[in-house]
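This report is an introduction for a reader who has not met the structure before. The sequence and the model are shown first, and the description follows.

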There are 2 protein chains.
Amino acid sequence: MSVQDFDAWLATRCAHVEQALADSLPADAPAGLCDVMRYAVLGEGKRLRPLLVLATAEALGGLPDAALRAACAVEIIHAYSLVHDDLPCMDDDVLRRGQATAHVKFGEARALLAGDALQALAFELLTPAEAGGVPAAMQAGLCRLLAQAAGAAGMAGGQAIDLASVGRRLDVTQLRHMHQLKTGALLLGSVRLGRACALQPVSAPVWQALDNYGTAIGLAYQVVDDILDATVASEQLGKTAGKDAAQDKPTYVSLLGLAEARALAQRLRDQALQALDEGGINRESGHLHALADRLIHRNN
Amino acid sequence: MSVQDFDAWLATRCAHVEQALADSLPADAPAGLCDVMRYAVLGEGKRLRPLLVLATAEALGGLPDAALRAACAVEIIHAYSLVHDDLPCMDDDVLRRGQATAHVKFGEARALLAGDALQALAFELLTPAEAGGVPAAMQAGLCRLLAQAAGAAGMAGGQAIDLASVGRRLDVTQLRHMHQLKTGALLLGSVRLGRACALQPVSAPVWQALDNYGTAIGLAYQVVDDILDATVASEQLGKTAGKDAAQDKPTYVSLLGLAEARALAQRLRDQALQALDEGGINRESGHLHALADRLIHRNN
């Protein structure tokens with residue numbers, strides 16, 4: 001696939017996701033809660049998780065309506081996690097996607113509630129009542145996957161480890177475990193959500209290949225994040241740079257050094273592509289390969 | 001039904017729910033997150049919402065496994081909402097069910113994350129993967145109802161109104177709207193969850209009767225809460241009493257006076273029982289009547 005073809009795919013899918021997110025968020029909610037929810041979700045996100053859902057579903061001939069719902073649901077979970085993560089009692093951050101964080105703009109209590117309401121909305125999106133849309137078994141399976149990825153054994157658990165690790169010495173194994181939960185669970189979860197949109201049974205090798213791919217890019221994403229945090233200015237990053245070092249949080253860069261962290265990101269990218277090849281997921285026709293490359297070579 | 005029979009029913013169902021909650025909560029989660037989650041859920045709750053789910057499901061011959069899962073899920077949502085509601089940026093409360101609130105005991109950040117993980121867990125509980133258990137359509141329907149009850153158009157929205165109402169004058173209509181969302185949505189939601197466990201189609205009159213019953217007791221619960229807050233000491237209440245007045249929050253007692261608030265609670269109890277009669281839901285054999293009475297005549 002040419003770079004132009006991939007860019008065209010990215011542009012149309014991002015536009016679909018933006019529109020679907022805008023349509024999914026309440027236009028009217030009590031006490032202006034919808035304003036906080038919309039602020040937290042709409043705008044400048046990279047939409048990596050939705051793109052992973054869509055690319056995976058498309059590679060398997062998945063149900064488009066289910067994939068778009070899952071794409072929005074996982075992005076809404078991601079957005080709520082950022083709102084809560086930025087709160088004063090967590091990372092206490094003021095800048096996100098180049099703008100004031102939700103609690104700076106709307107106050108802590110409304111940011112907290114908007115995050116809570118967003119999590120509920122994600123599960124509501126996955127379970128539409130209209131007949132003829134997404135099959136009930138698929139709805140239930142998507143809810144299960146999203147709940148597992150977001151909960152104590154996934155994202156929330158990883159955040160708890162992150163919190164407990166401030167000022168402590170972690171080795172690379174412990175750091176990897178933290179990130180596999182904190183960031184990796186929702187990225188692997190995105191691949192799994194896309195896979196769960198398949199209308200035909202997925203063969204065991206393809207199933208495993210997608211899990212391996214999702215695990216590798218989930219970790220690669222965090223390694224690149226650490227590299228960017230250490231090397232790029234806040235303005236370009238859209239969030240406060242150098243924060244991990246300032247808070248004495250362990251990162252791949254602090255543990256491995258910059259050169260070795262870059263090499264690790266490249267190895268994980270290679271592992272992800274190898275997994276796709278092993279599953280016979282075609283390098284030419286799909287978008288999972290190109291997504292892995294973009295993820296490694298992003299600059300924000 | 002005799003008081004003894006109802007008490008026996010309450011005791012067995014509460015024991016089932018306690019056991020199921022204990023089994024549902026993670027025994028192992030990163031960085032001690034499971035301790036916070038278990039602390040927030042297990043122990044001294046009245047389990048009113050689970051009892052409503054179970055009583056409704058039993059009145060309709062619902063699927064017991066589904067009802068028990070829904071009962072736990074709604075209680076877990078309720079528990080997470082209390083943890084977040086007690087946070088310093090919200091009600092800033094230190095006492096709950098006669099014990100230190102979660103953030104006092106475990107710190108704000110872990111309390112926040114435990115609440116987030118509990119919300120995810122509720123949806124995970126509703127979507128078990130094992131074949132042969134709860135039908136997928138029922139799983140999806142339960143998720144939809146719980147998400148709607150918990151989200152911006154339900155509990156979270158009501159909390160946003162509550163927050164915005166501090167120090168403002170609300171009239172009874174506005175107060176009622178706030179409580180219909182803040183407390184009422186999850187109580188009505190409990191009745192709806194129980195109804196969704198029915199294995200046979202529910203007739204339109206019974207359907208409507210249960211909605212009317214759930215709406216009436218949802219509101220009655222809050223009126224009684226306001227009465228207790230104004231008349232009972234913190235020790236008996238298990239939470240800080242007189243808090244609403246101290247924060248200049250409008251309550252049914254502050255707007256109507258104590259005598260009229262008591263009369264309103266009794267009228268709502270009568271409406272709830274009348275709804276059951278109109279739906280032909282037998283006063284003798286079921287537990288919904290007795291639950292409505294207990295809810296009005298509770299003392300904590």
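## Leu145 and its surroundings

Apart from its neighbours within four places in sequence, A:L145 is in contact with A:G189, A:R192, A:L193 and A:A196. The model described here is a predicted one. A:L145 itself belongs to helix α7 of chain A. One of its contacts, A:L193, lies 48 residues away along the chain, yet the two C-alpha atoms are separated by 6.7 Å. Is A:L145 buried or exposed? With 26 other C-beta atoms within 10 Å, A:L145 is buried.

## Three residues in loops

Three residues of chain A that sit in loops can be set side by side.

| Residue | Loop | C-beta atoms within 10 Å | Class |
|---|---|---|---|
| A:P30 | between α1 and α2 of chain A | 25 | buried |
| A:R47 | between α2 and α3 of chain A | 21 | buried |
| A:R97 | between β1 and β2 of chain A | 17 | partly exposed |

The backbone of A:R47 has a phi near 60°, which is a positive value in a residue other than glycine. A:R97 is not a glycine either, and its phi is also positive, at about 50°. The count of 17 other C-beta atoms within 10 Å makes A:R97 partly exposed, because a residue is called buried when 20 or more such atoms lie within that distance.

For A:P30, leaving aside neighbours within four places in sequence, the contacts are with B:G157, B:G158, B:A160, B:I161 and B:L181. Within chain A, A:P30 and A:G189 are 159 residues apart in sequence, and their C-alpha atoms are 31 Å apart in space.

## Helix pairs

Two helix pairs are described here, one in each chain.

In chain A, helix α4 (residues 64–85) packs against helix α6 (residues 108–125) at an angle of about 165°, and their axes are 8 Å apart. That angle makes α4(A) roughly antiparallel to α6(A). The crossing of α4(A) past α6(A) is left-handed. On the α4(A) side the contact is made by A:R69, A:C72, A:A73, A:I76, A:I77, A:A79, A:Y80, A:V83 and A:H84. On the α6(A) side it is made by A:A111, A:A114, A:G115, A:L118, A:Q119, A:L121, A:A122 and A:L125. Of the residues in this contact, 13 are nonpolar, three are polar and one is charged. Residues three or four places apart in an α-helix point the same way, because there are 3.6 residues a turn.

In chain B, helix α4 (residues 64–85) packs against helix α9 (residues 172–195), again at about 165°, with the axes 10 Å apart. That makes α4(B) roughly antiparallel to α9(B). Here the crossing of α4(B) and α9(B) is right-handed. The residues B:A67, B:A70, B:V74, B:I77 and B:H78 of α4(B) meet B:L186, B:G189, B:S190, B:L193 and B:G194 of α9(B). This contact of α4(B) with α9(B) divides into six nonpolar, four polar and no charged residues.

## How the two chains meet

Chain A and chain B each give 46 residues to the contact between them. On the side of chain A, at least two residues come from each of α2 (33–41), α6, α7 (136–150) and α8 (155–164). Which helix supplies the largest share of that side? α6(A) does, with twelve residues. The side of chain A that touches chain B is made up of 32 nonpolar, nine polar and five charged residues.

Chain A is superposed on chain B by a rotation of 180° with 0.0 Å of shift along its axis, and the RMSD is 0.0 Å. That is the relation of a two-fold axis. The copies meet through the same surface, because 100% of the interface residues of chain A are also interface residues in chain B.

Helix α8(A) is mostly covered, with nine of its ten residues buried. The buried residues are A:M155, A:A156, A:G157, A:G158, A:Q159, A:A160, A:I161, A:D162 and A:L163. They pack against α4, α7 and α9 of chain A, together with α2 and α6 of chain B.

Conventions: Residues are numbered from 1 along each chain as its sequence is written. Chains are lettered from A and ligands numbered from 1 in the order in which they are written. This is a predicted model: local features need pLDDT of at least 70, side-chain atom pairs count only at pLDDT 80 or more; totals for chains, interfaces and linings use all residues. Axes are lines fitted to C-alpha atoms, for helices over the stretch in contact, and angles run from 0 to 180 degrees between N-to-C directions. Helices (H or I, at least four residues) and strands (E, at least two) are DSSP runs, numbered from the N terminus. Angles under 35 degrees count as roughly parallel, over 145 as roughly antiparallel, 65 to 115 as roughly perpendicular and the rest as oblique. A crossing is left-handed if the near helix is turned anticlockwise from the far one by less than a right angle, and right-handed if clockwise. Two residues are in contact if their C-beta atoms, placed from the backbone, lie within 7 Å. Ala, Val, Leu, Ile, Met, Phe, Trp, Tyr, Cys and Pro count as nonpolar, Asp, Glu, Lys and Arg as charged, and the others, Gly among them, as polar. Copies are superposed by least squares on the C-alpha atoms of residues with pLDDT of at least 70 in both. A residue is buried if 20 or more other C-beta atoms lie within 10 Å of its own, exposed if 12 or fewer, and partly exposed in between; C-beta atoms are placed from the backbone.
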